Each structure stands twice: as C-alpha cells, then as structure tokens.
Amino acid sequence: GLSNWILWLSWIIQRVVLMLLTVLLMTVVMKLANYVIYTSPIILYLFLFEYAVTVMCFCFFLSTLFSKTTTAIAGTMLGYFLLYVPYFFLGNEFDNLSNNARYMSCLLSSTCMGYGANIISKWETMEEGLQFSNVGTQTSDLDTFTMADCHVHDAHRHLHLLFHDLVCGGSVPWRVRYQRETMVHVHQDLLVWL
C-alpha cells in the first residue's frame with residue numbers, strides 16, 4: 001500500500017541528492033584538471049546541476065508515456081539522444097543565428113546546455129571566465145547572446161528557459177500518470193458494468 005506520489009517523491013529526492021554529489025564531483029574535477037580555469041565554480045556548479053535536474057525531469061516525463069519497462073527505457077534513451085540532434089545543426093551556425101532563434105532553441109535543454117558551454121568557452125578564451133559580474137555581459141560586440149540569455153529570456157516576464165524545461169518535464173508526468181490511472185479505472189468500471 002504505498003501511494004504513487006510517495007514513491008515518485010522518494011525517487012526524485014534520491015536522484016536529486018545523487019545529482020548534487022555527481023555535479024559537485026564534476027565541478028571539482030573540471031577545476032582541478034584546469035579544464036575550466038577562470039570560471040566561477042559556483043556558476044559552473046549551478047549550470048550543470050540545473051541541466052542534470054532538467055534531464056531527469058525530461059526522462060521522468062518520457063517514462064510515463066510507456067507501460068512496459070523495457071519499452072520505457074528504450075523510448076526514453078531514444079528521446080534523450082534525439083534532444084542532441086538540433087544542437088548538431090545549430091551549434092555550427094551559432095554565430096549566424098538570430099537571438100530569437102537562439103531563444104527558441106534554448107527550449108530544448110541539450111541545446112541550451114550546448115550554448116551555455118559555448119559561452120563559457122568564449123569567456124575562458126578571453127582569460128576572464130564566467131563570473132557573477134559578467135553573466136549578463138556579451139562576449140563580443142557582434143554577439144549579443146549572453147549566459148543570462150541562455151537562462152533568462154522572455155520578452156515580458158524573463159522566463160528561465162532551463163527552469164521552464166524543468167517545470168514542464170517535472171509536472172507533466174504527474175498529470176499523465178493520473179490520467180492513465182483514471183482511464184484504466186474508468187475502462188475497468190465499464191467492463192464490470194457490461
């Protein structure tokens with residue numbers, strides 16, 4: 001008799017704690033190996049952690065669309081890897097894309113992660129690194145897309161794009177699971193009635 005919401009919540013808490021530690025280890029290794037020299041470790045940690053949680057919510061969402069475990073694993077892995085496809089095409093054209101095209105493509109978490117890594121590498125090349133003081137600063141006069149844009153953009157409300165993915169990916173599975181259970185119960189009730 002364990003409720004579904006308790007099971008999901010415990011699973012989410014377990015995964016978030018695991019990701020906290022994994023991303024911390026990744027950040028420490030990146031700094032100690034001098035892969036990222038000048039960038040603030042706190043900004044790097046927050047960026048990677050937010051991406052990890054977004055991916056987790058996306059995978060939760062995809063897993064609710066399947067009824068069999070093996071199908072869910074295959075479908076979720078396929079969906080996760082398909083998220084990378086747009087960045088392969090858009091990453092090379094990053095400098096030629098308009099800001100609106102960049103904002104729209106940032107709705108896909110992997111593309112947003114790629115853009116963010118691109119911006120971090122530009123700041124590292126300038127030997128300044130990404131700091132809290134320059135998160136909203138452009139890397140050159142020609143490129144007006146900043147790290148803050150990678151996270152924050154909406155014409156009126158400043159919608160946090162990765163946070164948007166996190167909320168959508170995190171809330172939809174609850175609704176899909178509820179609808180699936182409701183439809184199963186309705187279907188079973190109809191069969192009993194007939």
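Biologist: Is the crossing of H2 and H6 left-handed or right-handed?
Modeller: This is a predicted model, where local features need pLDDT of at least 70, side-chain atom pairs count only at pLDDT 80 or more, and totals for chains, interfaces and linings use all residues. Residues are numbered from 1 along each chain as its sequence is written, and side-chain values use heavy atoms, with hydrogens and water left out. A crossing is left-handed if the near helix is turned anticlockwise from the far one by less than a right angle, and right-handed if clockwise. For H2 and H6, it comes out left-handed.

Biologist: How does H2 run relative to H6, roughly parallel or roughly antiparallel?
Modeller: Helix H2 (residues 41-63) and helix H6 (residues 109-125), both DSSP runs (H or I, at least four residues) numbered from the N terminus, have axes that come within 10 Å and cross at roughly 165°. Axes here are lines fitted to C-alpha atoms over the stretch in contact, with angles from 0 to 180 degrees between N-to-C directions. Under 35 degrees is roughly parallel, over 145 roughly antiparallel, 65 to 115 roughly perpendicular and the rest oblique. So H2 and H6 are roughly antiparallel.

Biologist: And how many charged residues sit in the contact of H2 with H6?
Modeller: With contact meaning heavy atoms within 4.5 Å, H2 brings Leu-44, Phe-47, Leu-48, Tyr-51, Thr-54 and Val-55, and residues including Met-113, Gly-116 and Ile-120 come from H6. Ala, Val, Leu, Ile, Met, Phe, Trp, Tyr, Cys and Pro count as nonpolar, Asp, Glu, Lys and Arg as charged, and the others, Gly among them, as polar. By class that gives 9 nonpolar, 4 polar and no charged residues.

Biologist: Which angle class do H2 and H3 fall into?
Modeller: H2 packs with helix H3 (residues 69-82) at about 135°, their axes 9 Å apart. That crossing is right-handed, and among the residues that meet are Tyr-51 and Val-55 in H2 and Gly-75 and Gly-79 in H3. The pair is therefore oblique.

Biologist: What is the handedness of the crossing where H1 passes H2?
Modeller: The axes of H1 and H2 come within 9 Å and cross at roughly 145°. H1 passes H2 in a crossing that is right-handed.

Biologist: Which element gives the largest share of the lining of the largest pocket?
Modeller: A pocket is an open set of 1 Å grid points, over the protein atoms alone, where a 1.4 Å probe fits, with protein on both sides within 12 Å along at least five of seven lines; lining residues have an atom within 4 Å of a point. The largest pocket holds about 590 Å³, a volume being the space filled by probe spheres set on points joined across faces, edges and corners. Of its 22 lining residues, Trp-11, Arg-15, Met-56, Cys-59 and Phe-60 are the closest to the centre. The largest share, 10 residues, comes from H1.

Biologist: What gives the most to the lining of the second largest pocket?
Modeller: This second largest pocket has a volume of about 210 Å³, and its lining includes Leu-44, Phe-47, Met-113 and Glu-124. By class the lining has 9 nonpolar, 1 polar and 1 charged residues. With 5 residues, the top contributor is H6.

Biologist: What is phi of Asn-34?
Modeller: Most residues other than glycine have a negative phi. Asn-34, in the loop between H1 and H2, has a positive one, near 55°.

Note on methods: Helix = DSSP H or I, 4+ residues; strand = E, 2+ residues; numbered from the N terminus.
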